[in-house]
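Hi,

Here is the structure we talked about, handed over for you to open in your viewer. My notes on what turned up follow below it.

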Amino acid sequence: MSLELEFDDGREVFATEEMTLNMGPQHPSTHGVLRFIIRADGEVMRSAKADVGYLHRSIEKIAEKVGWRGFMPYTDRVDYVAAMTTNQAWAMAAEVLGGVTVPRRGEYCRVIAAELGRICSHLLAAGAMGMDIGAITPFTHAVRERELINDLLEELCGARLTFNYMRVGGVAWDLPPGFGAKVLRFLDHFEPYVDELDDLLSNNKIYIERLAGVAVVTRERAIAYNLVGPNLRASGVKYDIRKHLPYSVYPEFEFDVPIGMGLHGSVGDCWDRYIVRLHEMRQSARILRQALEGLPEGPVIAKVPRNYKPAAGEIHVHVETPRGDQSWYVVADGTEYPYRVHIRTGSFAAMSIIEELSRGLMVADLVALIASFDIVAPEVDR
Amino acid sequence: MKTEAIQLLLHERFGAAVGPVESARLSESVEVDASAVAEIALFLRDDPDLAFDCLSNLSGTDRPARGKIQITYELFSYVHRRAFILKVDARRDRPEVATVENVWPAANWLEREVYDLLGVVFVDHSDLRRLLLPDDWVGYPLRKDYVEAPEYHGISTVRPSALKLPEPK
């Protein structure tokens, strides 16, 4: 038996019996452990409700128990694909509350580490985007490049994923000898590689057909749902915390903020969200070159008392992570433990808009949508 | 526009529901009534001079000493590129706050998170369920007096410290 039905936007569908599908929590393309309950009519979704929390580790509660300096390694686990920027956010929150000034060389080390981390994260996003819609090869290429950065970061701080490199007051260690030259050699190799990825993936006809015009987020909806970072910029909003609410030494560097142009479909579609990240890798490379060239001499960490006790107060700290503006709300009550820490992450905002976008989308496009938002499940759950 | 000017605008329109500017170290905010927050939010969004089109963060903080749970709304205007912090105190024994989900859809999940971890009820919320914890979880972990249950469905929530050697038998 069939029914004639209409979606909200007036499109008619040839309706058959509605099916409820379960996707996840263990699913290779959901970028971590998360689950969707899909109501579908054939291949067309009526809704996809996200069920999150499988990776909830109560990181915010842990912060209240381990103290200001002890919390740093836990911030690695908030977003383990881009731990450097989360490190930085926590360090900044603690420093502002405690009135600590980071030495200039320390800030430069942070920027170098953070931008390497950003390239790392965007490489994974771009590679996984291809893989999720069926192009396996680009993923292996992206991971190959990512390994080179992992090697560099391992040399910097001994870890390949959960870095714990930054400290309240600066960074744990100075750059190892010859590190700058190694990064430059990597960049010389990497910048042409981005063009290669462009040829291999971005302008591939099948890739464009799968992504262009799919799951368009308008500027208004992006702001209403508080999308941040590349997801927001893909919808045409030129807003980057590094540029518009500057922190660290970012004002000293020249870089552009790429936005979605709707080149193949309309502004804010899946392809735009992908291409913004590709352009951002080039900008990160630009920042890295400038940071290495202008690297000042001096200490990398300020003198911070062992028993760190910022005076009572509260702040909102914003940091541009690869998944966008990460907003930290931190309350200090004058003791050696934070009173309250709340982290609103980019993936959290992106997950909450999926239910609205899923209406009328094909089941197969849901995977493309999740990948285009670059959602990392642990960052949603914390 | 500074926090004082925004407070003045709000006070003119909503009277006693809007408190004075509160200056904590490093941050300024305005406290409003829990029942009036939805109307005030709508005004903050739609007034062209304010135009706070984005709810960039919503956090809950338990303050047992004052008998309150404090909700902090961080608003941002992409039109004027500025932020504003709004606060609401909910009674700890009966925490109820009007939802702002209809003003900023981003509040849907953020409010669910606060409900999940602090037990604040957002009145008229369309889908107020736990977000991060399992539906049958008991208690609200981010409350300061929360005591963890010893087990959850037969799974122990404690384990022996890895730093201590087991007692000899």
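To start inside the protein, the structure holds 3 cavities of 30 Å³ or more. On a 1 Å grid over the protein atoms alone, a cavity is a set of points where a 1.4 Å probe fits but cannot get out, whereas a pocket is an open set with protein on both sides within 12 Å along at least five of seven lines; lining residues have an atom within 4 Å of a point. Grid points are joined across faces, edges and corners, and a volume is the space filled by probe spheres set on the points.

Two words on conventions: this is a predicted model, in which local features need pLDDT of at least 70 and side-chain atom pairs count only at pLDDT 80 or more, while totals for chains, interfaces and linings use all residues. Residues are numbered from 1 along each chain as its sequence is written, chains are lettered from A and ligands numbered from 1 in the order in which they are written, and side-chain values use heavy atoms, with hydrogens and water left out.

The largest cavity encloses about 50 Å³. Its lining includes A:Tyr80, A:Cys120, A:Arg146, A:Asn150 and A:Phe163. Helix α5 (137-157) of chain A is one of the elements that supply at least two lining residues, and α5(A) has the largest share, with 3 residues. (Helices, H or I with at least four residues, and strands, E with at least two, are DSSP runs numbered from the N terminus.) By class, this lining splits into 8 nonpolar, 2 polar and 2 charged residues. Here Ala, Val, Leu, Ile, Met, Phe, Trp, Tyr, Cys and Pro count as nonpolar, Asp, Glu, Lys and Arg as charged, and the others, Gly among them, as polar.

Now the pockets. The largest pocket offers about 1,000 Å³ of space. Of its 35 lining residues, A:His56, B:Leu132, B:Leu133, B:Pro134 and B:Trp137 lie nearest the centre. The strand β5(A) gives the most to this lining, with 3 residues, and the classes come to 16 nonpolar, 5 polar and 14 charged.

The second largest pocket has a volume of about 530 Å³. It is lined by 33 residues, and A:Arg221, A:Tyr225, A:Glu356, B:Trp104 and B:Pro105 are the closest to its centre. Its lining divides into 14 nonpolar, 5 polar and 14 charged residues.

How many aromatic pairs does the whole structure have? The search finds 19 over all chains. (Rings of Phe, Tyr and Trp, the last by its six-membered ring, pair if their centres lie within 6.5 Å; planes under 30 degrees apart count as stacked, over 60 as edge-to-face and the rest as tilted.) A:Trp68 and A:Trp90 are stacked, because their ring centres are 5.5 Å apart and their planes at 10 degrees. A:Trp68 sits in the loop between α1 and α2 of chain A, and A:Trp90 in helix α3, 22 residues apart. A:Trp90 is buried, at 0% relative accessibility (buried means under 20% relative accessible area, exposed over 50%, partly exposed in between, with a 1.4 Å probe and protein chains only). A:Trp90 also forms a tilted pair with A:Trp328, 5.8 Å centre to centre and 40 degrees between the planes. A:Trp328 lies in strand β9 of chain A, so this pair ties together parts 238 residues apart in sequence. These three tryptophans belong to one aromatic cluster with A:Phe71 and A:Tyr74.

Happy browsing!
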